Every structure is written in C-alpha cells, then in structure tokens.
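Subject: Structure handover

Hello,

Here is the structure I said I would pass on. Please open it beside this email, and then read the notes underneath.

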Amino acid sequence: MPQTLTVRVPNYETQRGYEGVRITTVEISSKCQRCGGPRGPLTAHHFVKDGTPLVCDRWVNDCGHPDETPGLRRASGVAGG
C-alpha cells in the first residue's frame, strides 16, 4: 500500500459557498486520520457550479471513520478549510 494518495479537493479560497471554487490536487496520507487504517478507494465526484463542470475525489474509509474535508485542506495547505 502506498504511504500517500494524490487527491483532488475543492479549494474555496476565502469565498463563501461555491463562489470561486476550483479543484486543487493535494497529497495526503493513505491512512485514516483517526485510527490509521487504510483509506477507501477513490471515486470521481462530478458536479457543476455556475455552468462549469468540476471533478473532485471522494472515498469511504473501510473503518467507517469519516474524513473531514476542511481538515484535509488544512493538512495539505489548501485554503478554505
């Protein structure tokens, strides 16, 4: 199992809601933030905002612990978390 995963996350900068959202690629640990178990497989999440199609990654950890997107953004240095 790799030690890190490269994931696409929404980057909201300093905007509220979806205003100015863009997708940023970050590297995160391949392990759950809470228990250290493996993160679940990545799936692409497609959505449209202001007529622009966007894709970010989602996953469900096998252990059942949710990953908090703001925590991921803070840990990786992405704004808006």
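Which polar contact does the side chain of N61 make with the backbone nitrogen of G40, and at what distance? A polar atom of the N61 side chain lies 3.4 Å from that nitrogen. Bear in mind that this is a predicted model, and every value below is computed from it.

Overall layout

The chain has 81 residues, of which 32% are buried. Its secondary structure amounts to four strands and one helix, and the order along the sequence is β-β-β-β-α. If you take the contacts between residues at least 6 apart in sequence, 45% of them join residues at least 24 apart. The accessible surface is about 5200 Å², and carbon and sulfur atoms account for 50% of that.

The hairpin

Strands β3 (residues 43–49) and β4 (residues 52–58) run antiparallel and are joined by seven bridges. Within this pairing, F47 faces L54 of β4. Two residues sit between the strands of the hairpin, and D50 has a positive phi near 55 degrees.

The cores

Nonpolar side chains in soluble globular proteins tend to be buried together. In this model the largest nonpolar core consists of six residues, namely L5, V7, V9, V26, I28 and W59. Strands β1 (4–11) and β2 each contribute at least two residues to this core, and the largest share, three residues, is from β1. There is also a second, separate core of five residues, including V21, F47, L54 and C56. Two of the names there, F47 and L54, are the ones that stand opposite each other in the hairpin.

The salt bridges

Side chains of opposite charge can pair when their charged atoms come close. Two salt bridges turn up in a search of the whole structure.

One is between D57 and R8, whose closest N and O atoms are 2.6 Å apart. D57 belongs to strand β4 and R8 to strand β1, so this pair ties together parts of the chain that are 49 residues apart in sequence. Are the two partners buried or partly exposed? D57 has a relative accessible area of 11%, so D57 is buried, while R8, at 29%, is partly exposed.

The other joins the side chains of D67 and R39, with an N to O distance of 2.6 Å. It links distant parts of the chain: D67 is in the loop between β4 and α1, and R39 is in the loop between β2 and β3, 28 residues apart. Both of these residues are buried.

Around N61 and S29

Back to N61, which is in the loop between β4 and α1 (69–76). Its relative accessibility is 5%, so N61 counts as buried. Leaving out residues up to four places away in sequence, N61 touches C32, P38, R39, G40 and D67. R39 and D67 in that list are the salt-bridge partners described above.

S29 lies in strand β2 (residues 22–29). With a relative accessible area of 36%, S29 is partly exposed. The S29 side chain comes to 3.0 Å from the backbone nitrogen of K31. Not counting neighbours within four places in sequence, S29 is in contact with Q3, T4, L5 and R39. Q3 is 26 residues from S29 along the chain, yet their C-alpha atoms are 6.0 Å apart.

Regards

Methods. Residues are numbered from 1 along each chain as its sequence is written. This is a predicted model: local features need pLDDT of at least 70, side-chain atom pairs count only at pLDDT 80 or more; totals for chains, interfaces and linings use all residues. Side-chain values use heavy atoms; hydrogens and water are left out. Two strands pair if DSSP finds at least two bridges between them. Buried means under 20% relative accessible area, exposed over 50%, partly exposed in between (1.4 Å probe, protein chains only). Contact means heavy atoms within 4.5 Å. Accessible areas come from the Shrake-Rupley method with a 1.4 Å probe; for residues, only the protein chains shown count as cover. A polar contact is a pair of N or O atoms within 3.5 Å; within protein, one must be able to donate a hydrogen and the other to accept it, and residues adjacent in sequence count only if both atoms are side-chain atoms. A nonpolar core is a set of buried Ala, Val, Leu, Ile, Met, Phe, Trp, Tyr and Cys residues joined through side-chain atoms within 4.5 Å. A salt bridge is a side-chain nitrogen of Lys or Arg within 4 Å of a carboxyl oxygen of Asp or Glu.
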